[in-house]
Amino acid sequence: RVHGGEKIKMVRLEDNTYFVNQLIRMFETNREKGSLFITMKRVEPEIPKKKGGKVQHTGHRCLVRVTDGKKKKISTHVLSRDQIRFQLQFSAVLKAQMDGLKKQEQKKGQTKTTD
């Protein structure tokens, strides 16, 4: 596709379970050095217009994209009915793979707040 004179490379949408497996692989390859960029975006479904009939609304979708900023890009659509199952898998992967993060140091005079 060409948009504003630029070529846009279309990324193939993956199955949700395949997407989670590829996400794990991307975390493993970028564990020592590198970053992953994760974006989530609500997508309105394209509803075909019918003459004289009711249009069924299929529900909202969420587009999830992950890239390493270089070559590898993966993306998937998550339907509203699959959202809870996907979110549980996605959060489990994030918790398991982001264990090397440094804790922020508290500044003097600040206390830990619990809500």
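Which residue is the bridge partner of Arg61 in β5? In this predicted model, the bridge partner of Arg61 in β5 is Leu79, and this pairing offers a convenient way into the sheet to which β5 belongs.

## Overall layout

The chain contains two helices and five strands, and these elements follow one another along the sequence in the pattern β-β-α-β-β-β-α. Of its 115 residues, 23% are buried, while the accessible surface of the chain amounts to about 10300 Å², with 51% of that area belonging to carbon and sulfur atoms. Among the contacts in the chain that have a separation of 6 or more, 57% are made by residues 24 or more positions apart.

## The three-stranded sheet

Three strands form an open sheet in the order β3-β4-β5, and their pairing is antiparallel. Because β3 (37-43) and β5 (73-79) stand at the edges with a single partner strand each, one side of each is left without a neighbour in the sheet. From one strand to the next, the twist averages 15 degrees. As a general matter, strands of a sheet pair through backbone hydrogen bonds, in either a parallel or an antiparallel sense.

Strand β4 covers residues 61-67 and is joined to β3 by seven bridges, the two strands running antiparallel. On the other pairing, β4 and β5 are also antiparallel and are linked over seven bridges. The table gives bridge partners from both pairings.

| Residue | Bridge partner | Strand of the partner |
|---|---|---|
| Ile38 | Val66 | β4 |
| Lys41 | Leu63 | β4 |
| Arg61 | Leu79 | β5 |
| Thr67 | Lys73 | β5 |

Between β4 and β5 the chain makes a hairpin with five residues between the strands, and within this hairpin Gly69 takes a positive phi near 85 degrees.

Within β5 itself lies Ser75. Is Ser75 buried or exposed? Its relative accessible area is 4%, and since buried means under 20% relative accessible area, Ser75 counts as buried. Ser75 and Leu63 are 12 residues apart along the chain, and their C-alpha atoms are separated by 7.0 Å; Leu63 is also the residue in β4 that serves as the bridge partner of Lys41.

## Helices and the nonpolar core

Helix α1, made up of residues 16-29, lies across β4 and β5 and runs at about 145 degrees to β5. Which residues have the most contacts inside the largest nonpolar core? This core has 14 residues, and those with the most contacts inside it are Phe19, Leu23, Val66, Phe86 and Phe90. At least two residues of the core are supplied by each of α1, β4, β5 and α2 (83-97), and the largest share, five residues, comes from α1. Val66 thus appears in two roles, since it has a place among the core residues with the most contacts and is also the bridge partner of Ile38 in β4.

## The loop between β3 and β4

Gly59 has its place in the loop between β3 and β4. With a relative accessible area of 14%, Gly59 is buried, because that value falls under the 20% limit that defines the term. When residues up to four places away in sequence are not counted, Gly59 touches Pro45 and Ser80. Gly59 and Arg81 are 22 residues apart in sequence, and the C-alpha to C-alpha distance between them is 8.1 Å.

## A single salt bridge

How many salt bridges does a search of the whole structure find? The search finds one, and it is formed by Arg85 with Asp82, whose closest N and O atoms are 3.7 Å apart. This pair qualifies because the limit for a side-chain nitrogen and a carboxyl oxygen is 4 Å. The relative accessibility of Arg85 is 43%, so Arg85 counts as partly exposed, a class that lies between under 20% for buried and over 50% for exposed.

Definitions and conventions
Residues numbered from 1 in each chain as written. Predicted model: local features only at pLDDT ≥ 70, side-chain atom pairs only at ≥ 80, totals over all residues. Heavy atoms only, no water. Pairing = 2+ DSSP bridges. Helix = DSSP H or I, 4+ residues; strand = E, 2+ residues; numbered from the N terminus. Axes fitted to C-alpha atoms, helices over the stretch in contact; angles between N-to-C directions. Contact = heavy atoms within 4.5 Å. Buried < 20%, exposed > 50% of the residue type's maximum accessible area, 1.4 Å probe, protein only. Areas by Shrake-Rupley, 256 points an atom, 1.4 Å probe, with all protein chains shown as cover. Core = buried A, V, L, I, M, F, W, Y, C linked by side-chain atoms within 4.5 Å.
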